[in-house]
Every structure is written in structure tokens, then in C-alpha cells.
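User: I would like a close look at a single part of this model, worked out in one connected answer. Please give the cut-offs behind each term as you go.

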Amino acid sequence: TLHIMHWNDVLAFFKGVVDSLNQNGLLMIYGPFNYHFQYTSESNARFDSWLKERDPHSGIRHFEEVNELASQQGFVLQDDFSMPANNRILCWKLE
């Protein structure tokens, strides 16, 4: 889950995950995300504050930034599923 990782680890994850998947492989990530650089709920804003209090390098990630990282590695977004408790499942396909 990207929200508990340091941003540098998120960058490294996307660079390295390509080596683990075959062409047309799927990458699915679960967790909370901000959209248009805004929280999707008040509870996500509180959760983000809590995350940053325990580790300033963690926090809810912005969908647009994460999707750009995925795109740079050859992934194309396939689905964005709404889940309980203001979470999402993002699904990319390696093209």
C-alpha cells in the first residue's frame, strides 16, 4: 500500500515492478488516494494527518502522480474501483 511507503520507495516500486510482470500483466494497488489533489473525504484527511504524524514521508498519494509513474513504466490504467472506507483498487495493464 503506497500510503505507508516513503515517496522514494513508491518511485522504486514502479521502476522495479515492471521486471516482475509479463507483457499484458496486471498491477493492482489497494488504498486511499486523493483525486485532483483533494481529499475524497474528511476521514481520509484525518487519516493522512495521522500517517504524516507517525512518518512525515508517508501519506495518501495523489492519483494523478501515481498514474503518471505507472504510465512512465508502460502501464495503462484499466479500472479504478471504489471500495469500502474511502479506498480504491487501481488496476493497470502492462502494455
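The answer below takes the sheet as its part, then what lies against the sheet, and then some polar residues.

Analyst: The model is predicted, and local features need pLDDT of at least 70, while side-chain atom pairs count only at pLDDT 80 or more and totals for chains, interfaces and linings use all residues. Residues are numbered from 1 along each chain as its sequence is written, and side-chain values use heavy atoms, with hydrogens and water left out.

The sheet is open and consists of 3 strands in the order 1-5-4, with antiparallel pairing. (Strands are DSSP runs of E with at least two residues, helices are runs of H or I with at least four, and both are numbered from the N terminus; two strands pair if DSSP finds at least two bridges between them.) Strand 1 and strand 4 are the edges: each has a single partner strand, so one side of each has no neighbour in the sheet. Averaged over neighbouring strands and ignoring direction, the turn of one strand against the next is 15 degrees. (Axes are lines fitted to C-alpha atoms, for helices over the stretch in contact, and angles between N-to-C directions run from 0 to 180 degrees.)

Strand 5 covers residues 87-94, and 6 of its 8 residues are buried. (Buried means under 20% relative accessible area, exposed means over 50%, and partly exposed lies in between, with a 1.4 Å probe and protein chains only.) Strand 5 pairs with strand 1 over 6 antiparallel bridges and with strand 4, residues 75-83, over 8 antiparallel bridges. I89 in strand 5 serves as bridge partner to Y30 and to F81. R88 in strand 5 stands opposite S82. Strand 4 and strand 5 form a hairpin with 3 residues between the strands, where A85 takes a positive phi near 60 degrees.

Two helices bear on the sheet. Helix 1, residues 7-17, lies across strand 1, strand 4 and strand 5 and runs at about 155 degrees to strand 1. Helix 3, residues 63-72, packs on the sheet and touches strand 4 and strand 5, with its direction at about 145 degrees to that of strand 4. (Contact means heavy atoms within 4.5 Å.)

V76 belongs to strand 4 and is partly exposed, at 38% relative accessible area. Apart from neighbours within four places in sequence, V76 is in contact with C91, W92, K93 and E95. From V76 to N22 there are 54 residues in sequence and 14 Å in space between C-alpha atoms.

F81, named above as a partner of I89, also belongs to a nonpolar surface patch with L26 and M28, where the accessible area together is about 290 Å². (Patch members have over 30% relative accessible area and no salt bridge; nonpolar side chains of Val, Leu, Ile, Met, Phe, Trp or Tyr are joined within 5 Å, like charges within 9 Å. Areas come from the Shrake-Rupley method with a 1.4 Å probe, and for residues only the protein chains shown count as cover.) L26 is placed in strand 1, residues 26-31, and is partly exposed at 47%.

The whole structure has 2 salt bridges. (A salt bridge is a side-chain nitrogen of Lys or Arg within 4 Å of a carboxyl oxygen of Asp or Glu.) One of them joins R88 and D80, at 2.8 Å from N to O. D80 is partly exposed, with a relative accessible area of 27%. Another joins K52 and D48, whose closest N and O atoms are 3.0 Å apart. K52 and D48 are 4 residues apart in helix 2, residues 42-54, which means a separation of about one helical turn. K52 is partly exposed at 39%, whereas D48 is buried at 2%. Beyond residues up to four places away in sequence, D48 touches Y39, G59 and I60.

N34 is placed in strand 2, residues 33-34, and is buried, with a relative accessible area of 3%. Leaving aside neighbours within four places in sequence, the contacts of N34 are Y39, T40, I60, R61, H62, F63 and E64.
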